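Open the model in your viewer and keep the selection tool at hand. This tour goes stop by stop, saying what to select and what to look for.

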Amino acid sequence: MSNKQKKFKLGMDDQSVEKDLKRHFEFTLGRDEQGKSRFYLYTALALTIRDRLVERWSHTRHRHIENSSKRIHYLSLEFLMGRTLNNAMLNLDLEEPIRHTMQKIGCELEEVSEEEADAGLGNGGLGRLAACFLDSCASLELPVTGYGIRYEYGMFHQKIENGYQLESPDHWLRKGNPWEIECPENTRLVKYFGHTKHYHDNEGQHRARWTDTHDVLAVPYDVPIPGYQNNTVNTLRLWKSEATDEFNLDEFNSGSYTDAVAAKNLAEQISMVLYPNDASENGKELRLRQQYFLASASLQDILHHYVMHNGENFTDFAEKNCFQLNDTHPTVAVAELMRLLMDDYFLGWNEAWELTSRCMAYTNHTLLPEALEAWPVSMMSELLPRIYEIIDEINKRFLTEIEQHWPGDTERLDRMTIITGGDYPQVRMAYLAIVGSFSVNGVAALHTQLLESGLFKDFYELWPGKFNNKTNGVTPRRWLSHCNPELKQLIDETIGSDWISDLDQLKQLKPLALDKKFQARWMDVKLQRKIKLSEFIEQHCDVQFDPKMMFDVQVKRMHEYKRQLLNILHVIHLYDRISRGDTEGMQPRCVLIGGKAAPGYAMAKNIIKLINNVADIINQNPRCEGWLRVAFLPDYKVTAMEMICPATDLSEQISTAGKEASGTGNMKFMMNGALTIGTLDGANIEILESVGDDNFFLFGLDSSQVVEARESYNPSAIIEADEDFSRVMQLLQSGHFNRHEVSIFDHIIDSIYNPGDAWMTAADFRSYIDAQHNVSLAYQDETNWAKMSILNTAASGRFSSDRTISEYNSDIWNRSAK
């Protein structure tokens with residue numbers, strides 16, 4: 001019997017769902033008809049679905065044990081899961097029975113769904129990618145477990161007041177999480193501080209013991225990850241930090257109440273907040289504590305289960321386990337696995353290193369050197385003394401290998417050393433990951449090429465076989481089937497529904513791109529989604545969007561390299577033209593920008609203020625009525641993107657070439673029929689290859705041209721030679737958008753004129769303006785725009801995370817997808 005045909009006890013029909021829903025509502029939650037509320041209905045519904053997940057979860061675990069499957073462990077500091085309810089219904093094929101049950105008791109499913117909070121376990125693309133990957137692993141029936149941290153508070157809630165970003169805590173767990181199951185029997189002990197004692201055992205072998213430590217408990221909470229209608233449910237294990245003792249009773253009885261709970265508070269800080277501000281030394285230390293907490297708890301857990309089934313014979317450990325490190329955050333796992341194998345299981349250095357370096361795999365997600373983790377030696381040696389000793393020994397042995405390979409090349413030694421010299425030595429964690437891993441991959445073709453030729457060039461010359469590319473992808477279950485039900489229905493009626501698990505089948509839409517009737521239905525779906533988004537924008541931004549105007553969207557983390565600034569410069573250019581009555585060839589458009597800036601990132605927060613000030617001026621100007629509307633969406637998150645990407649006409653992917661590793665928002669927009677305006681950066685290049693030049697609005701310098709242009713970059717000359725650019729800068733410099741807030745945008749203006757501007761904003765302005773003009777002209781040809789939109793969706797199969805995970809599996813994890 002195939003896994004899909006497996007029979008389970010709990011029914012999936014209307015009556016069974018209704019019976020269990022009422023049971024949970026009345027008996028698990030203790031509610032009655034008088035106490036009915038949407039929140040308790042949501043919780044009862046979640047528990048009803050979770051029961052069915054647990055049944056399949058148990059079956060999946062037993063199947064993996066029986067098959068002696070190689071286990072893949074995906075370590076990530078972020079998992080931006082979004083809401084679970086709708087995804088679980090889709091993957092269990094329960095939407096219709098549940099919708100019928102809700103209607104029977106007088107509630108709309110959509111209203112109940114709104115009671116679920118977005119899980120605050122991630123910030124942006126890195127965490128959302130990890131969530132997509134877990135969905136694909138389960139859908140491909142691969143034995144992959146995710147390991148992360150159960151943050152009490154998410155990134156933060158973003159509010160906009162007087163145009164400024166204000167942050168408030170995102171206590172997403174305030175009402176509990178019905179999807180998780182606490183597993184206290186699998187609690188692990190994580191060590192900090194203390195010192196190392198070296199000794200020789202009875203056989204004369206050198207050993208080390210980490211003693212006098214400050215210990216923290218890691219308590220696991222498991223979340224089920226269902227595959228798409230295949231009865232497979234994998235696990236996301238999230239660790240919560242707790243004190244070994246809740247409080248000191250002697251201190252409490254003596255009246256020192258603060259001191260009595262000090263250890264408890266210090267321990268719980270570790271899993272309290274996602275990405276604490278690391279501008280201070282305390283913030284930096286907390287981030288390092290978080291990273292080690294994740295690595296140590298997860299590796300202890302994995303080794304415990306390995307020994308339970310295999311004993312302490314580690315001969316086959318690397319054949320049965322693979323660790324995928326999602327970016328540089330969890331790479332301390334390299335040293336921690338060495339510590340556990342040597343200090344707890346008494347392997348020698350050579351045997352431990354051979355196993356470690358055969359089962360660690362590292363994914364790099366950034367080309368920005370400042371974004372790579374590097375920790376002061378003073379901090380690491382105090383906080384993690386045994387770990388630092390191991391890294392130091394790894395580095396010594398690695399430098400010996402370099403000296404043998406390139407005798408006398410001291411400059412190369414300095415470039416490649418894991419631990420830097422100088423007055424403030426640091427541990428470069430990305431270098432530790434490369435040295436300790438058998439695989440190093442980038443996440444888009446250009447990104448990998450730039451890693452090999454730039455950031456990690458020395459390592460690529462030493463170990464070219466380690467490096468490979470795995471272009472990112474997104475799950476079509478959430479990012480088309482769930483978020484765009486109208487388009488799903490149209491596609492299902494046209495080519496069937498198998499595309500949900502085989503996105504390449506969308507190629508069948510290509511011949512229909514010229515079919516007038518199909519185009520009309522396609523654009524009607526887009527209009528329906530734009531109407532819904534317009535209502536959403538009015539509710540959250542108090543700005544009215546006309547669904548008949550073009551929807552021009554840029555929603556992503558706020559960062560200078562993503563160039564939201566370039567976008568708003570174009571908006572100011574349009575405003576200037578409208579103000580002068582120059583609207584020839586202009587397409588009316590609604591511009592939506594959204595994203596959070598890190599609390600300590602002053603420039604990004606100032607750009608948010610500029611966007612909001614510009615929006616206020618435009619939206620209040622009668623001349624702009626019918627031509628231009630601008631809104632900044634506060635508190636952008638996964639649920640908002642589910643509303644935005646189906647309604648988008650134009651996707652802004654305008655980062656400085658050579659700065660964006662991949663991007664995944666570009667793929668979500670493309671999948672839903674948006675056209676891209678973008679640079680040759682990240683996965684934009686592969687999107688362009690897939691859809692062709694005629695269906696993509698390309699502009700700007702490529703990565704090699706950016707490097708060349710830096711040598712003689714003169715923004716002042718560029719601005720002076722461009723009348724449109726000069727007008728835009730004149731409006732900014734005159735204080736037109738900040739009449740009563742003198743000089744607040746001076747830093748932004750200075751950055752544009754700065755010859756050292758790393759983001760080359762001025763260099764791409766003219767090309768961007770011209771490309772936007774071409775967008776306007778193209779949108780006015782409704783038939784051709786519909787064709788291009790259909791072709792974008794038809795070409796999006798390449799960007800399914802199922803394809804990405806299949807490549808990880810075959811090329812790195814060495815397993816065969818079923």
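Select helix H33, residues 782-794, in this predicted model. Helix H33 lies across strand S17 (550-555), S21 and S22. Its direction makes an angle of about 85° with S21.

Now show the strands beneath your selection tool one by one. Which order do the six strands of this open sheet follow? The order is S19-S18-S17-S20-S21-S22, and the pairing is parallel. Colour strand S19 (628-633) and strand S22 (697-698) next: these are the edge strands, and each pairs on one side only.

Zoom in on strand S21, residues 675-678. S21 and S22 run parallel and are joined by two bridges. Pick Ile-677 and look across to S22: its bridge partner there is Phe-697. Strands of a sheet pair through backbone hydrogen bonds, so switch on the backbone atoms for this view.

Go back to H33 and add helix H32, residues 761-779. The two helices pack at an angle of about 110°, and their axes are 7 Å apart. Angles of 65 to 115 degrees count as roughly perpendicular, and H32 and H33 are therefore roughly perpendicular to each other.

Show side chains where these helices touch. Which residues of H32 meet H33? They are Val-775, Ala-778 and Tyr-779. On the H33 side, select Glu-782, Trp-785 and Met-788. The contact of H32 with H33 has five nonpolar residues, one charged and no polar.

Move to helix H15, residues 385-405. H15 has 21 residues and reaches 30 Å from its first C-alpha to its last. That span is close to the 30 Å expected at 1.5 Å a residue. Now colour its buried residues, among them Ile-387, Ile-390, Ile-391 and Ile-394. Further along H15, Asn-395, Phe-398 and Ile-402 are buried as well. An α-helix has 3.6 residues a turn, so residues three or four places apart point the same way.

Last stop: strand S2, residues 144-149. How many of its six residues are buried? Five are, and the strand is mostly covered. Add strand S1, residues 71-75: S1 and S2 pair in the parallel sense over four bridges. Click His-73, which stands opposite Thr-145 in S2.

Then add strand S10, residues 233-243. S2 and S10 also run parallel, joined by five bridges. Finish on Ile-149, whose bridge partner in S10 is Trp-239.

Methods: Residues numbered from 1 in each chain as written. Predicted model: local features only at pLDDT ≥ 70, side-chain atom pairs only at ≥ 80, totals over all residues. Heavy atoms only, no water. Pairing = 2+ DSSP bridges. Contact = heavy atoms within 4.5 Å. Axes fitted to C-alpha atoms, helices over the stretch in contact; angles between N-to-C directions. Parallel < 35°, antiparallel > 145°, perpendicular 65-115°, else oblique. Nonpolar A, V, L, I, M, F, W, Y, C, P; charged D, E, K, R; others polar. Expected span 1.5 Å × (residues − 1). Buried < 20%, exposed > 50% of the residue type's maximum accessible area, 1.4 Å probe, protein only.
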